[in-house]
Number of protein chains: 2
Amino acid sequence: MGGPGEIVTAFIAAVEAKDLDTALGLVTDDVSYENVPIAPLVGKPAMRATLDTFLKSATRVEWRTLRQVVSDNVVINERLDRFQIGDGWLELPIAGFFEITDKGLISVWRDYFDMSTYARQFSALTKPTVT
Amino acid sequence: MGGPGEIVTAFIAAVEAKDLDTALGLVTDDVSYENVPIAPLVGKPAMRATLDTFLKSATRVEWRTLRQVVSDNVVINERLDRFQIGDGWLELPIAGFFEITDKGLISVWRDYFDMSTYARQFSALTKPTVT
């Protein structure tokens, strides 16, 4: 088990690999998963369902960590979360805050982002082609 | 002059006091002011104009810093930016990233937030009352 920064890095890598079993193995049972524009979710089943929805529409997932800062048990990163959908890439700038327990599990994951930046691109990339 | 954390705290306090002269005195001439859902702005005049727009509609401004982390010359905070407009308060959750120069000036200010969370409340608080 690494330090808080390594745990978050491993978690992000598991999400990119769409390996939800590994990702969920790195969080507490009562994890609080907070996409700030939406209501917080609590618990692994809710996190799994939401991540599955985010990931299943993408053929590839690449979350670039642009900066990561660790302060005690808190890990903060700036990311560019990228999803390949159809012929294009959806790109979403994110500020993520993670709290890590003494046992090395993520108990809070809070992402700040602009929902319309996501929705606008998702809509454009999934729009039926007029032939 | 304090450390990077104190400089950001003083900057936030000046904004809350709507004291833009003091706030602008704490940033570099070529400051990059980035509201992530919108295009970045460069320079003091652009920052002043945008802050003025944000602030002039509010009778009171209260930006609550919920967490602040300093790592070298980087300051990161989670805030609840509150604006009293008419009879109500607009509340916007924000993740802020600041870069501080060796001379103690803010050269980058990047805020992550959900634009529709702002716009929806602003619209409700400024809607003409039907009598």
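Are A:Phe98 and A:Trp109 buried or exposed? Both residues are buried. The legends below describe close-up views of a predicted model.

**Figure 1. Aromatic pairing of A:Phe98 and A:Trp109.** Over all chains, the count of aromatic pairs comes to 18. One of them is formed by A:Phe98 and A:Trp109, whose rings are stacked, with 5.9 Å from centre to centre and 15° between the planes. A:Phe98 belongs to strand 5 (residues 88-100) of chain A and A:Trp109 to strand 6 (residues 106-112) of chain A, so the pair ties together parts that are 11 residues apart in sequence. Both members of this pair, A:Phe98 and A:Trp109, are buried.

**Figure 2. Aromatic pairing of B:Phe11 and B:Trp109.** The rings of B:Phe11 and B:Trp109 meet edge-to-face, with 5.1 Å between their centres and 80° between their planes. This pair links distant parts of the chain: B:Phe11 is in helix 1 (residues 4-16) of chain B, B:Trp109 is in strand 6 (residues 106-112) of chain B, and the two are 98 residues apart. B:Phe11 and B:Trp109 are both buried.

**Figure 3. An aromatic cluster in chain A.** One aromatic cluster is formed by A:Phe11, A:Tyr33, A:Phe54, A:Trp63, A:Phe83, A:Phe98, A:Trp109, A:Tyr118 and A:Phe122. Among its members are A:Phe98 and A:Trp109, which form the stacked pair of Figure 1. Another member is A:Tyr33, which stands opposite A:Leu41 in strand 2 of chain A.

**Figure 4. Arginine over tryptophan in chains A and B.** In chain A, A:Arg82 lies over the face of A:Trp89, at 4.1 Å from the ring centre. In chain B, the charged end of B:Arg82 sits over the ring of B:Trp89, at 4.2 Å from its centre.

**Figure 5. The sheet of chain A and two helices that lie across it.** In chain A, 6 strands form an open sheet in the order 2-1-6-5-4-3, and their pairing is mixed. At the edges are strand 2 (41-42) and strand 3 (60-71) of chain A, each of which pairs on one side only. Strands of a sheet pair through backbone hydrogen bonds, in either a parallel or an antiparallel manner. Strand 1 (residues 27-35) of chain A pairs with strand 2 of chain A in the antiparallel sense, over 2 bridges. Helix 3 (residues 44-56) of chain A lies across strand 1, strand 2, strand 3, strand 4 (74-85) and strand 6 of chain A, and runs at about 50° to strand 1 of chain A. Helix 4 (residues 115-126) of chain A lies across strand 4 and strand 5 of chain A, and runs at about 145° to strand 5 of chain A.

**Figure 6. The surroundings of A:Arg79.** A:Arg79 is located in strand 4 of chain A. Its relative accessibility is 1%, and therefore A:Arg79 counts as buried. The side chain of A:Arg79 makes a polar contact of 3.2 Å with the side chain of A:Asn77, and a polar contact of 2.9 Å with the side chain of A:Asp111. When neighbours within four places in sequence are left aside, the residues in contact with A:Arg79 include A:Trp63, A:Phe98 and A:Trp109, which are also among the members of the aromatic cluster of Figure 3.

**Figure 7. Helices packed on the sheet of chain B.** The open sheet of chain B has 6 strands in the order 2-1-6-5-4-3, with mixed pairing. Its edge strands are strand 2 (41-42) and strand 3 (60-71) of chain B, each pairing on one side only. Helix 1 of chain B lies across strand 1, strand 3, strand 4 (74-85), strand 5 (88-100) and strand 6 of chain B, running at about 170° to strand 3 of chain B. Helix 3 (residues 44-56) of chain B also packs on the sheet, and its direction makes about 50° with that of strand 1 of chain B.

**Figure 8. Two hairpins in chain B.** Strand 4 and strand 5 of chain B run antiparallel and are joined by 12 bridges. Within this pairing, B:Gly96 in strand 5 of chain B is the bridge partner of B:Asn77. The two strands form a hairpin with 2 residues between them, and B:Gly86 in the turn has a positive phi of about 60°. Strand 5 and strand 6 of chain B pair in the antiparallel sense over 6 bridges, and B:Val108 in strand 6 of chain B is the bridge partner of B:Glu99. The hairpin of strand 5 and strand 6 of chain B has 5 residues between the strands, and B:Gly104 takes a positive phi near 85°.

Methods:
Residues numbered from 1 in each chain as written. Chains lettered and ligands numbered in written order. Predicted model: local features only at pLDDT ≥ 70, side-chain atom pairs only at ≥ 80, totals over all residues. Heavy atoms only, no water. Phe/Tyr/Trp six-rings, centres within 6.5 Å; stacked < 30°, edge-to-face > 60°. Helix = DSSP H or I, 4+ residues; strand = E, 2+ residues; numbered from the N terminus. Buried < 20%, exposed > 50% of the residue type's maximum accessible area, 1.4 Å probe, protein only. Lys NZ or Arg CZ within 6 Å of the ring centre and 35° of its normal. Pairing = 2+ DSSP bridges. Contact = heavy atoms within 4.5 Å. Axes fitted to C-alpha atoms, helices over the stretch in contact; angles between N-to-C directions. Polar contact = N/O pair within 3.5 Å; in protein donor to acceptor, adjacent residues only side chain to side chain.
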